[in-house]
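Could you walk me through this model in my viewer, stop by stop? Please tell me what to select each time and what I will find there.

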Amino acid sequence: MTDRIARAWDAAAQGYDAYYVPRFAPWVADAVGAVTGSALPDGPVLVPCCGTFPELPALVEHLPGREIVGIDLSAGMVRIARAAAARHPAVSVLEGDAATLDARWDGACAAVVSVFGLQQLPGPAHALRSWAAALRPGGRLSVVFWPGRPELDGPFALMSELLGRPPDRTWEDGLTSGLTGVERDEEVAHPITHPDAATCFDAHVRSGPLRPLLDEKGPAFVEGLRAEFLRRAPAGEWVHRPGARHIVAVRDSGSP
Ligand SMILES: C[S@@+](CC[C@H](N)C(=O)[O-])C[C@H]1O[C@@H](n2cnc3c(N)ncnc32)[C@H](O)[C@@H]1O
């Protein structure tokens, strides 16, 4: 399963960087801003599920010289992320599973920042606890992820409907019950503009979260889905405003 996800993101990496990274930039700014806006303890900043590492420019700008470590499962993503990190000596990118962090990070980190990775992990609540356990006292956790239903109307909603995938929200409830020091747990919505429905569909399937579908079900299935998507979609430019969930927590000195 993990391997299948990694290979799908390998194939999607370049297209993801070109299409989604600029569109998701406001959420990356939210996530990074929640750790750079306050004083941090010493220690590295971890970025689980860093993908091509869009979090990096703002992190190095606001935390110059700080050790920053990206972690991603996909070799294709890691290749692009390492190229972005190459001119920053204190930045490195590890290829690996971020669902459970290595014990060497326990209590060692100044911050953990993650954007749009948590919802893909098999056990999001477990991962969140593992990321929080990496913090030093005073360290900050900032995680942005897509909930089961990020919008009622728009391309993400249409795609879920056509795939007959009712949103699975079971994992979202109680997500923060194992966390201490939760400072923020809120929806953050920003507009996304797609030039048209066809471009949006193709990006979603070739370079986005539905890439495994293409690999699994093949081109004929995807063509049928595309035709129905275009039939139901508005003509011309498509602007929507999906809402992500943003959790910010601070580890206090008394936390376990
Ligand atoms: C939607 S991308 C987000 C990338 C980046 N944070 C951003 O905001 O653009 C999700 C990333 O999570 C990675 N990923 C999925 N499962 C993972 C896991 N178990 N461990 C580490 N990375 C994982 C994928 O390889 C992909 O690069």
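## Starting at a tyrosine

Select Tyr20 to begin: Tyr20 is buried, with a relative accessible area of 2%. Keep in mind as you go that this is a predicted model.

Now add Tyr19, which is also buried, at a relative accessible area of 11%. Tyr19 and Tyr20 form an edge-to-face aromatic pair, with 5.3 Å from centre to centre and 80° between the planes.

## A second ring pair

Next, select Trp146 and Phe156. Their ring centres are 5.6 Å apart and their planes stand at 80°, so this pair is edge-to-face. Colour by secondary structure and you will see Trp146 in the loop between strand 5 and helix 6 (155-162), while Phe156 sits in helix 6, so the pair ties together parts that are 10 residues apart in sequence. Trp146 is buried, with a relative accessible area of 11%, and Phe156 is buried with a value of 11%.

To see the wider setting, show the side chains of Trp9, Tyr16, Tyr19, Tyr20, Phe24, Trp27, Phe116, Trp146 and Phe156: ring pairs link them into a cluster. Across the whole structure, a search finds 15 aromatic pairs.

## The sheet

Switch to a cartoon view and look for the open sheet. In what order do its 7 strands lie? The order is 3-2-1-4-5-9-6, and the pairing is mixed. Select strand 3 (91-95) and strand 6 (182-189) to mark the edges: each has a single partner strand, so one side of each is left without a neighbour in the sheet. From one strand to the next, the twist averages 15°.

Now zoom in on strand 4 (residues 109-115) and strand 5 (residues 135-145), which run parallel and are joined by 6 bridges. Pick Val113 there, and you will find that its bridge partner in strand 5 is Ser142.

Two helices are good to select next. Helix 4 (residues 75-85) packs on the sheet, where it touches strand 2 (68-72) and strand 3, and its direction makes about 170° with that of strand 3. Helix 5 (residues 124-133) packs on the sheet too, touching strand 1 (45-48), strand 4, strand 5 and strand 9 (243-250). The direction of helix 5 makes about 145° with that of strand 5.

## Cysteines on the way

How many disulfides does a search of the whole structure find? The search finds 0. Select Cys49 and you will see that the nearest cysteine sulfur, that of Cys50, is 8.1 Å away. Cys49 is buried, with a relative accessible area of 17%.

Move on to Cys109, which lies in strand 4. Is Cys109 buried or exposed? Cys109 is buried, with a relative accessible area of 0%. Cys109 is in no disulfide, and its nearest cysteine sulfur, that of Cys50, is 14 Å away.

Show the surroundings of Cys109: leaving aside neighbours within four places in sequence, Cys109 is in contact with Asp42, Pro44, Leu46, Ala134, Leu135, Arg136 and Gly139. For a longer view, draw a distance from Cys109 to Leu210, 101 residues apart along the chain; their C-alpha atoms are separated by 33 Å.

## Last stop: the annotated domain

Finally, select residues 46-139, where an unreviewed UniProt entry places the feature "domain: Methyltransferase". Over this stretch the chain is 30% helix and 27% strand, and the end C-alpha atoms are 11 Å apart.

Methods
Residues numbered from 1 in each chain as written. Predicted model: local features only at pLDDT ≥ 70, side-chain atom pairs only at ≥ 80, totals over all residues. Heavy atoms only, no water. UniProt positions renumbered as here; feature names shortened; annotations may be inferred. Helix = DSSP H or I, 4+ residues; strand = E, 2+ residues; numbered from the N terminus. Disulfide = S-S within 2.5 Å. Buried < 20%, exposed > 50% of the residue type's maximum accessible area, 1.4 Å probe, protein only. Pairing = 2+ DSSP bridges. Axes fitted to C-alpha atoms, helices over the stretch in contact; angles between N-to-C directions. Contact = heavy atoms within 4.5 Å. Phe/Tyr/Trp six-rings, centres within 6.5 Å; stacked < 30°, edge-to-face > 60°.
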